Amino acid sequence: MIAIKHTLPVVKFNSASMFPLNVVKKSLRGFVNMSSGSKKKLDRLKVAVFGRSGCGKTALTVRFLTRRFIGDYERNKENTYQQDVDIDGTLVNLEILDTRLDIQECFEVTTSFERTVKWADAFIIVYEVTDAKSLRVVPHIKAAIDQARRSKTLPAILVGNKIDLVHSRVVTYNEGLELAQLLGMPFFEVSVRESYEDVVRLFSALSGEFRSLTTKSSVFKGFRDRSKKKGRFAMLTRQRSVSM
């Protein structure tokens, strides 16, 4: 379960968009629960949202943060949003980068793409079920992310959007699922327009992926550090035995 909690609500925009900023700020104030007395240190999660232009990246982000669906945005503008959210009982400072994806960056890791990928902790790749091309670029986006981070085990989920447009659908559920399984990613189909709850579930799943991989990494690092210490201790013991 995710609830939005207030410390300092911030919505940052790197560029102007078609919907007025005061609409988003008003929406945030409208449903945020005040908790200024809490001094608990927040976890932090930085998410980059990728996908072909028009697939619903901005609508997905704004829907999650404000519960509102706003359909018209100025495309090809990169925006950053920041808000404190309670994800499964943990207060998280969530920062979302709604990226402007140059199609060339799907096939070649540019400096700006690499900078974005290295900034983020987790990734959402969005396609729309009414556009087969948006699905075909997904493997290239994932490969570029893996190449920039030099890892294939990153917190990332695949999201098929616009399932409410039944008569315009050209990408089946199974096609999305098979691609997600091939890429090793959790898979969701949603209608950002019709279901806030589905949007919440995918952000919760992404947070779970991030925590799981972070915990595994921490455990492995601790085991590796302990192994190194044991190795040094064993080496010193052997050296002492020899000297005696």
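This section describes the nonpolar cores, a central strand pairing, a helix crossing and selected backbone features of a predicted model.

The largest nonpolar core comprises 30 residues, of which Val-47, Leu-60, Phe-64, Leu-94, Ile-124, Leu-202 and Phe-203 touch the most other members. At least two residues of this core are supplied by each of β4 (43–51), α2 (57–66), β5 (79–87), β6 (90–98), β7 (122–128), β8 (156–161) and α7 (196–243). The largest share, seven residues, comes from α7. Leu-202 illustrates how distant parts of the chain meet: apart from neighbours within four places in sequence, Leu-202 is in contact with Leu-60, Ile-124, Ile-157, Val-159, Phe-188 and Val-190. Another core, of 25 residues, lies apart from the largest one and includes Ala-120, Leu-135, Ala-144 and Met-185.

Strand β6 is mostly covered, with nine of its nine residues buried. In a regular strand, side chains alternate between the two faces of the sheet. In β6 both faces are covered, since Thr-90, Val-92, Leu-94, Ile-96 and Asp-98 on one side and Leu-91, Asn-93, Glu-95 and Leu-97 on the other are all buried. The buried set therefore includes residues under the 20% limit of relative accessible area, among them the charged Asp-98 and Glu-95. Strand β6 pairs with β4 in the parallel sense over seven bridges, and Asp-43 has Val-92 of β6 as its bridge partner. The pairing of β6 with β5 is antiparallel and involves nine bridges. Within this pairing, Gln-83 stands opposite Leu-94 of β6, a residue that also belongs to the largest nonpolar core. The hairpin of β5 and β6 has two residues between the strands, and Asp-88 there takes a positive phi near 50°.

The packing of helix α3 was examined next. Two packed helices are described by the angle between their axes and by the distance between those axes. The axes of α3 and helix α5 (residues 138–149) come within 9 Å and cross at roughly 75°. This angle falls in the range of 65 to 115 degrees, so α3 is roughly perpendicular to α5. On the α3 side the contact is made by Phe-113, Glu-114, Val-117 and Lys-118, and on the α5 side by Ile-141, Ala-144, Ile-145, Ala-148 and Arg-149. By class, six of these residues are nonpolar and three are charged, with no polar residue in the contact.

Val-117, one of the α3 residues in this contact, lies in the helix spanning residues 111–119. Its relative accessible area is 0%, and Val-117 is therefore buried. Leaving aside neighbours within four places in sequence, Val-117 is in contact with Phe-50, Phe-123, Ile-145, Ala-148 and Arg-149. Val-117 and Ala-48 are 69 residues apart in sequence, while their C-alpha atoms are 7.4 Å apart in space.

Backbone conformation was also considered in two loops. Most residues other than glycine have a negative phi. Arg-150, although not a glycine, has a positive phi of about 55°. This residue lies in the loop between α5 and β8, and because its relative accessibility is 69%, Arg-150 counts as exposed. Lys-162 is likewise not a glycine and has a positive phi of about 75°. The loop that holds Lys-162 runs between β8 and α6 (173–183).

How values were computed: Residues are numbered from 1 along each chain as its sequence is written. This is a predicted model: local features need pLDDT of at least 70, side-chain atom pairs count only at pLDDT 80 or more; totals for chains, interfaces and linings use all residues. Side-chain values use heavy atoms; hydrogens and water are left out. Helices (H or I, at least four residues) and strands (E, at least two) are DSSP runs, numbered from the N terminus. Buried means under 20% relative accessible area, exposed over 50%, partly exposed in between (1.4 Å probe, protein chains only). Contact means heavy atoms within 4.5 Å. A nonpolar core is a set of buried Ala, Val, Leu, Ile, Met, Phe, Trp, Tyr and Cys residues joined through side-chain atoms within 4.5 Å. Axes are lines fitted to C-alpha atoms, for helices over the stretch in contact, and angles run from 0 to 180 degrees between N-to-C directions. Angles under 35 degrees count as roughly parallel, over 145 as roughly antiparallel, 65 to 115 as roughly perpendicular and the rest as oblique. Two strands pair if DSSP finds at least two bridges between them.
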